[in-house]
Amino acid sequence: MAAAKATLTITHPTGLHARPAVKLTKLAKTFPATIRLRPLPDGAWIDAKSIVKVMALKLRTGTLIELEAEGEAADAAIAELSGLVTRDFDEDG
Amino acid sequence: MAERRHAGRVAAPGLARGPLIRLPTAALDAPDDTAAGDPAAERVRLQEAIAVARADLEALMAGSADEMAGEILSFQLEMLDDPALAEAAFEAIAEGVAAGTAWRSALAMQIAVFRADGDGYFQARAADLEDLRDRVRLALDGGGVESVPLPEGAIVFARDLTPSRFLAFDWTGLGGAALAEGSAASHVAMLARARGVPLLVGLGEVEGEAGEAVLDAFDGQLVLEPEPLTAAAYAAQLEAARAEATAAAVLLFRPAATAQGQPVGRATGSGCCAPSSSS
């Protein structure tokens with residue numbers, strides 16, 4: 001199975017709060033691949049399709065995260081999710 | 001009974017006069033059902049209650065065009081759709097716990113995580129989870145969204161209002177809201193300000209049933225059964241505010257003119273770039 005990875009920094013000023021988190025999980029759910037996320041350096045992996053788990057991480061701005069996808073369209077999933085995070089979730093601030 | 005005044009904090013400014021209607025909270029204050037039925041049946045009860053809550057939220061979403069309401073409701077829907085939200089509740093049910101108790105304790109753990117956070121953004125999520133907790137609990141009790149008959153101009157009194165409960169009312173026909181608890185920094189306060197609904201919070205317990213009241217969300221006062229003089233003063237103030245609003249509306253739609261009646265051209269983008277006459 002193809003696996004893809006990316007390391008990213010949350011640069012959205014208010015961190016991964018409700019609206020960005022909804023965008024992230026909604027996008028992740030469009031891919032059949034298993035997608036995991038963890039805060040670096042040593043956070044536990046959580047399901048990136050679960051808003052409950054993503055929100056519970058309470059990721060602040062400046063946090064380094066790792067994304068990992070496994071399975072069908074894993075590369076595309078990582079590319080699109082990375083894009084969303086680096087674009088600050090398509091928000092002004 | 002004589003006139004009574006309760007001081008609160010202004011969360012959204014405005015003035016209203018009308019009957020004070022108390023929202024029932026009995027369903028939420030009632031202790032959880034402790035007698036658990038068969039786990040399979042309890043499981044179905046919770047699944048059905050979550051489905052009812054989901055349908056309610058979708059209906060609210062369809063009826064709320066503004067961005068702030070949409071944002072709050074879409075976040076709540078995404079939470080409710082996530083199996084992780086009720087995972088612990090279903091585990092407890094499998095061990096023989098009643099649906100209501102299982103749901104409440106599963107949510108309590110998650111609410112505590114956000115409540116304890118120092119960051120305002122994450123702290124505010126606790127209110128969203130409480131909103132979901134209450135909505136599903138009401139559905140478990142078979143009540144769903146409470147339907148209280150509210151007369152025209154009513155001032156809604158409640159211990160607190162959750163965002164989805166606030167959005168369930170058609171405020172255009174209502175006077176405003178008075179809350180025993182609540183916060184001026186809550187989502188409900190933001191929604192009230194955005195919609196021009198007068199809102200007072202932190203009033204404490206208010207005695208008495210559905211009497212006449214004045215909601216003075218300029219001065220931070222709820223006046224119950226106002227004396228004739230008080231009522232007349234507020235009536236005059238309301239009348240003045242109404243006249244002012246009407247005048248403003250008339251001015252908005254009347255073509256601009258000078259005091260002598262000369263029409264004044266509208267300021268348009270072209271004004272700045274008209275060819276100079278000095279050349």
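The questions and answers below go through a predicted model with chains A and B, setting values against the definitions behind them.

In this predicted model, local features need pLDDT of at least 70 and side-chain atom pairs count only at pLDDT 80 or more, while totals for chains, interfaces and linings use all residues. Residues are numbered from 1 along each chain as its sequence is written, chains are lettered from A and ligands numbered from 1 in the order in which they are written, and side-chain values use heavy atoms, with hydrogens and water left out.

Q: Why is K58(A) called buried?
A: Buried means under 20% relative accessible area, with exposed over 50% and partly exposed in between (1.4 Å probe, protein chains only). K58(A) has 17% relative accessibility, and therefore counts as buried. K58(A) is found in the loop between α2 (51–56) and β4 (64–70) of chain A, where helices (H or I, at least four residues) and strands (E, at least two) are DSSP runs, numbered from the N terminus.

Q: What makes the backbone of K58(A) notable, and which phi does D88(A) have?
A: Most residues other than glycine have a negative phi, and most peptide bonds are trans. Phi of K58(A) is near 45°, a positive value in a residue other than glycine, and D88(A), in the segment after α3 (74–86) of chain A, has a positive phi of about 55° although it is not a glycine. On the peptide bond side, the link from L40(A) to P41(A) is cis, with omega near 10°, and P41(A) is found in the loop between β2 (34–39) and β3 (46–47) of chain A.

Q: Why is helix α3 of chain B described as largely enclosed?
A: Of its 15 residues, 11 are buried, so α3(B) is largely enclosed by the rest of the structure. Among the buried residues are A69(B), G70(B), I72(B), F75(B) and M79(B).

Q: How do you know that the span of α3(B) is close to the expected one?
A: The expected span of a helix is 1.5 Å times one less than its number of residues. Helix α3(B), residues 67–81, has 15 residues and reaches 21 Å from its first C-alpha to its last, close to the 21 Å expected.

Q: What makes β8(B) a strand with both faces covered?
A: In a regular strand the side chains alternate between the two faces of the sheet. In β8(B), residues 221–224, Q221(B) and V223(B) lie on one side and L222(B) and L224(B) on the other, and all are buried.

Q: How do you know that β8(B) pairs with β1(B) and with β7(B)?
A: Two strands pair if DSSP finds at least two bridges between them. There are 4 bridges joining β1(B), residues 4–7, to β8(B) in the antiparallel sense, and 4 bridges, also antiparallel, between β7(B), residues 212–217, and β8(B). Q221(B) is the bridge partner of A7(B) and also stands opposite D216(B). The hairpin of β7(B) and β8(B) has 3 residues between the strands, and G220(B) takes a positive phi near 75° there.

Q: Which sense of pairing does β4(B) show with β3(B) and β5(B)?
A: Strand β4(B) is joined to β3(B), residues 14–22, by 3 bridges in the parallel sense, and to β5(B), residues 176–179, by 4 bridges, again parallel. V156(B) stands opposite I21(B) in β3(B) and has A177(B) as its bridge partner in β5(B).

Q: Why is the sheet of chain A called open, and which strands are its edges?
A: The 4 strands form an open sheet in the order β1-β4-β2-β3, with antiparallel pairing, and β1 (3–9) and β3 of chain A are the edge strands, each pairing on one side only. Within this sheet, 6 bridges join β2(A) to β4(A), and R38(A) stands opposite E66(A).

Q: What makes the link between R19(A) and E71(B) a salt bridge?
A: A salt bridge is a side-chain nitrogen of Lys or Arg within 4 Å of a carboxyl oxygen of Asp or Glu. The side chains of R19(A) and E71(B) meet at 2.7 Å, N to O, and satisfy this; the count between chain A and chain B is 4 salt bridges.
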